[in-house]
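Here are some notes for a colleague who is opening this structure without having seen it before. Please keep the model in view while reading the points below.

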Amino acid sequence: MPEIRQNIATKEWVIIATERAKRPEDFTAEQRTPTHLRPPHVATCPFCPGNEAMTPPPSLVRTAADGSWQQRIVPNKFGALSPAAPAVRLEEGVARMTGGYGFHDVLIESPLHNTTTALLAPEEVAATLSALRDRARELARDERIAQIIPFKNHGESAGTSLEHPHCQMVSLPIVPSHIRQRL
Ligand SMILES: [Zn+2]
């Protein structure tokens, strides 16, 4: 179960989530395929159409007129936070920690495996952003959630583990110190 601990020197909150180590890896040093050489569909990709059962059930699905999905939001199978974790805050002397309660969503941006955000039509990018907004509004109703952060890691060097175009959103039970200071 993930937990969030505060660095007592910097007041920075750090997520401790050992589950993350188990996530699959598309990228290895030997096999790195440029986007334009990738196939549009990969049978083993959990984000490709037909493989919906490989992800947990979606919290949001946007479909085209023909009924096929265009965007899906699913829980990250190897999430840094979990709605099953306790939302308790513990203080022990100067140490502070909280259970890793929260949500770690993945938004699959397109049914196509071999595209990137930069290659999507403006309407598709707008659909991605509005899907994130709608999901964030839903999560903001949970009073245990203090901060919602959408983000995108593009490419292996940014730390993404799957090729299929996707972005993520974490909903945290704390406000990160760098944001608290600016506020
Ligand atoms: Zn895919």
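1. In this predicted model, the count of disulfides comes to 0. For Cys167 the reason can be given: a disulfide needs two cysteine sulfur atoms within 2.5 Å, and because the closest cysteine sulfur, that of Cys45, is 15 Å from the sulfur of Cys167, the two are too far apart for a bond. Cys167 counts as buried, since its relative accessibility is 6%.

2. Cys45 has another partner to consider, namely the zinc ion, whose protein donors are Cys45 (SG), Cys48 (SG), His113 (ND1) and His164 (ND1), at 2.0 to 2.3 Å from the ion. The angles among the 4 donor atoms run from 105 to 115°, and the site is tetrahedral. Along the sequence, the donor residues follow the spacing C-x2-C-x64-H-x50-H.

3. Two of these donors deserve a separate remark: Cys48 sits in the loop between strand 2 (13–16) and strand 3 (60–63), while His113 sits in the loop between strand 7 (103–108) and helix 1 (122–140), so the pair ties together parts that are 65 residues apart in sequence. Both Cys48 and His113 are buried, and for Cys48 the relative accessibility is 1%.

4. His113 is also among the residues touched by Pro165, a list that includes Leu107, Ile108 and Glu109 as well as Thr115 and Thr116. Pro165 belongs to the loop between strand 8 (147–151) and strand 9 (166–172), and it is buried, with a relative accessible area of 4%. From Pro165 to His41 the C-alpha to C-alpha distance is 12 Å, although the two are 124 residues apart in sequence.

Notes
Residues are numbered from 1 along each chain as its sequence is written. This is a predicted model: local features need pLDDT of at least 70, side-chain atom pairs count only at pLDDT 80 or more; totals for chains, interfaces and linings use all residues. Side-chain values use heavy atoms; hydrogens and water are left out. Helices (H or I, at least four residues) and strands (E, at least two) are DSSP runs, numbered from the N terminus. Buried means under 20% relative accessible area, exposed over 50%, partly exposed in between (1.4 Å probe, protein chains only). Contact means heavy atoms within 4.5 Å. Donors are N, O and S atoms within 2.8 Å of the metal (3.2 Å for Na, K and Ca); water is not among the atoms, so sites may look incomplete. Four donors count as tetrahedral if all angles lie between 85 and 135 degrees; four count as square planar and six as octahedral if opposite donors are over 155 degrees apart and all others between 65 and 115; anything else is irregular. Lists of a residue's contacts leave out its neighbours within four places in sequence.
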